[in-house]
Structures are given as structure tokens and as C-alpha cells.
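Here are my notes for you to read with the model open on your screen. Take the points one at a time and find each spot as you go.

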Amino acid sequence: MLTYNHHTSDNSQSALLGEEDDERRYRSPSHAYISQLLRDMDDDELDAFILEHEQIAKKKNKSDDNKEEEEARSSDTYIVEPNRHIRLLRRRLPDPLWSQIRLEAQHALSLEPDAGPQLYQHVLRQPSLMDALASIISHEIETELMPATALQSLILDQLRLSDDKNIHLDLVASVNRNPSNSNALNALLFHQGMHALVCYRVAHRLWYSGRTSLAYYMQSTVSSKFSADIHPAAEIEGGIYLNVGGGVVIGETARVGCDVTILQGVTLGGTGKEVGDRHPKVDAGVILHSGATVLGNLNIGKGAVVTSKSIVTKEVPPLARVSGVPATVKSYRADVMTKEEKNAGEEIEECRLDDLDCRIFMLYEKYMLELDELTEMQLCIDEGGKDCWDKATDMLRSDESRI
């Protein structure tokens, strides 16, 4: 598969890892991905791409989802599924990441026609990013007991919209923090660290719905396939860069905050002397280098760095760089706010036409806001809120009336 050099900002892997002694800075990674194909477009093509996402109410051709809905309603066996309305609304959100992945897939297909079957089956014929991931991963971890078709249905049924958001951020992190300068298509198809995280998120949902045996089955399958042993009860937020699954162990009561980087061979385990809540709590923006081991119910502060082969048995302050056996504080990183963080509280009404980064960033912001709205609606429906169910139905009918 062809690899492109994507835009590298101050949030690059080298900046995150803080490899230079005089420039160990904590920067929150960007949550927006911009394909090189967009940067190579002429102004007219780029305007058309952005306009497609900005005009939410633009008339569309009738989707396959609508056809399936009508056929199902005409059947005597139709069952009302509240979450189906949410899923249909979710698929209609203009996801800028998914649109760029499709562009990359079409470009890759023009360069390598032999990749057609894989690209068509897993990307181009799929209606959304989540459907594509479900197709890819189900074929990766299928067994005689659980064929790909059953796994694909299980993944789509279990993942909630909050998981969709976390996985979206995981995929962006796997591109923006990957030192090999890969693209989003390659990360979607081949990044096994991200695939292991998706499987964990499915097992996590199974665990808390009481289906612990199936959750353990997913954990065991992922452990044998990706060499990553992540307990289904662990709590992991979004924007995680799991370099590879190899040797990574995350215990039952561990918590991992957003934007954490985990390299190969990392262990978040217990000391063996504790029961109950016995695993580490890792705050946002932490970097755990290859072979790092953190033992016990202790906190790793925001933006801290644990260097390779270190063994941490005591609390780590925010922005600290620790090293050694046992690990001790060697230095501190500067707390540098990114441009996105500085402008987080400011509303940007419009961007200059020549500012591609700003225009794409605005698309991501709008997409995330709409996804958050649907996520809250889904939570309300799950809790039995009839008003939310009626609102979802009205939104779906309103959307259909514009088609």
C-alpha cells in the first residue's frame, strides 16, 4: 500500500516523546487529520470537498439505509429498535476523517488495482468508519467458534456512540503520532495496536452488560492475535496511541486517560500484595516508553514520561520525566499549550480560504459537536427517556424529508 507523508505539526511524535533534553515539553496531540491528498488538491476541488461537509442539509440521493428501513417496516417481523434511529443518524453525519480515508482508498486503488478486493470489501463498500473497522477486525480475529459475520454483528451491536468518538480519536492518534508518516487508510487497515483497542472497547461493553464469559473470550482472542492483554474491566479513554499490541498488559482496575501514548511491552499491573483497586491510574498526555512497568494503585500525573525499562512503584508528578529501577524523577517538561488549546474557549466564525488547517479543523469541530449531541440522545434513550426517542424519530423523519 502506498504511504504518503502527512502534515507534521508541533504535535509530532518527536515532540511528544520529548527526546531532546532541553525540549521536553508536554503538548496535547491534535485531534484532526489532514490527508496529503487534500493538500495536493487545487482550490476548486478542495472547496467542493469542504462544501460537501459544511452543507449538512444538502439534498442527497436516497441511501441504502432508507431502503432497508422501508423494506423492514413493510415486513410483519419488523421490530422497533431505538438505537437503529441513532445509527442511521450517525451514518449521515459528514465525517471528515472517513471522507479522507475513502479518497485515499480510491487513490490507492488507481495505483495498485490488485488491492481492489480488500479496499472494496473493507472500505469503499462500507457506509461508515465503524462499519469498516468492524469488517476489518472481524476478519482478523475470526475463529471456528466465532466466524467473521457473527463478530461483525457483535462489534456493531456493542459499540456505543461514545465508543465511536473514542475510536475516531484513536485512529487520528495512530496517524499523527506514528513516526513512520503513514496515512489514515494504512492505519485503518493495518495498525494492529488500534485494532486491539477496538476489540477491548467491545469486550468492555460486554463486561458491563453482564456478558463476562464472552468478554473474556474476546480478551483471550485478542491476546493470542495481537499479543495485547487488556482486561475488559479496565477504563481507557480516547486518543490512545498503542504503538503495537506486543507485550502490553493492562490490569482490571487500571484507568488510562485521553491522549496517552503506550509503546510496546508496557505493563500496568499490580504488585501482587494488594486486592481490589490495585492497578495504576494514568492521566492525560502521559507517554509510556517501551518496556516501562508501572505497579500498584498509584497515579501517573498529566503529561509525565516514563522512560524505557523503568519500573515505577511510587506516584509520578505531572510533567515529570522518570527513569530507572526503581524510577525516580530526572527532570520536568515545560507545559506548553498548543494553538488549539489556547483557542479552545474562543469561537472561530470563519477561516481564510488559504488556511487549509483551520478549515479542516472546523469540520472536525462541527462533526464532534454533532456526534456529542447524538451520544447524549443515545444515553437518554438507554435510560428510558421517551422524549429523546421522539426527538430521534423526528430528526430521522426530518432528514428523510430533505432527501
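The numbered points below walk through the sheets, a pair of helices and a cavity.

1. A quick word before you start: this is a predicted model. Keep that in mind as you read the rest.

2. Let's begin with the six-stranded sheet. Going across it, you meet β4, β7, β10, β13, β15 and β16 in that order. The sheet is open, and its pairing is mixed. At the edges sit β4 (241-242) and β16 (328-332), each with a pairing partner on one side only. If you're new to sheets, here's the background: strands pair through backbone hydrogen bonds, and they can do so parallel or antiparallel.

3. Now look at the β4 edge. Its neighbour is β7 (residues 261-262), and two bridges join these parallel strands. To find the spot, go to Y241 and look across: T261 of β7 stands opposite.

4. Next, move towards the other edge of that sheet. Strand β13 (residues 305-306) pairs with β15 in the parallel sense, over two bridges. Here V306 has V322 in β15 as its bridge partner. V322 also gives you a handy link onward, as its bridge partner in β16 is V329. So you can step from V306 to V322 and then from V322 to V329.

5. What sense does the pairing of β15 and β16 take? Strand β15 (residues 320-323) and β16 are antiparallel, with four bridges between them. One pair to click on is A320 and Y332, which stand opposite each other. The two strands make a hairpin with four residues in between, and G324 in this hairpin has a positive phi near 110 degrees.

6. There's another sheet to find. This one is open too and has five strands, in the order β2-β5-β8-β11-β14, and its pairing is parallel. Its edge strands are β2 and β14 (311-312), each pairing on one side only. On the β2 side, three bridges connect β2 with β5 (residues 248-250), and the two run parallel. I230 is a good landmark, since its bridge partner in β5 is I250.

7. Hang on to I230, because it turns up again in the cavity lining. How many cavities of 30 Å³ or more does a search of the whole structure find? The count is three, and the largest holds about 60 Å³ of space. Around that largest cavity you'll find A196, C199, Y200, A203, M218, Q219, V222, A228 and I230.

8. Which elements supply that lining? At least two residues each come from α12 (192-208), α13 (212-226) and β2 (228-230). Helix α12 gives the largest share, with four residues. Sorted by class, the lining of the largest cavity has eight nonpolar residues, one polar and no charged ones.

9. Last, the helices. Helix α6 (residues 96-111) packs against helix α15 (residues 356-382) at an angle of about 125 degrees, and their axes are 9 Å apart. That angle is why α6 counts as oblique to α15. Zoom in on the contact and you'll see P96, L97 and Q100 from α6 meeting L363, Y364 and Y367 from α15. Five of the residues in this contact are nonpolar, one is polar and none is charged.

Methods
Residues are numbered from 1 along each chain as its sequence is written. This is a predicted model: local features need pLDDT of at least 70, side-chain atom pairs count only at pLDDT 80 or more; totals for chains, interfaces and linings use all residues. Side-chain values use heavy atoms; hydrogens and water are left out. Two strands pair if DSSP finds at least two bridges between them. Axes are lines fitted to C-alpha atoms, for helices over the stretch in contact, and angles run from 0 to 180 degrees between N-to-C directions. Angles under 35 degrees count as roughly parallel, over 145 as roughly antiparallel, 65 to 115 as roughly perpendicular and the rest as oblique. Contact means heavy atoms within 4.5 Å. Ala, Val, Leu, Ile, Met, Phe, Trp, Tyr, Cys and Pro count as nonpolar, Asp, Glu, Lys and Arg as charged, and the others, Gly among them, as polar. On a 1 Å grid over the protein atoms alone, a cavity is a set of points where a 1.4 Å probe fits but cannot get out, and a pocket is an open set with protein on both sides within 12 Å along at least five of seven lines; lining residues have an atom within 4 Å of a point. Grid points are joined across faces, edges and corners, and a volume is the space filled by probe spheres set on the points.
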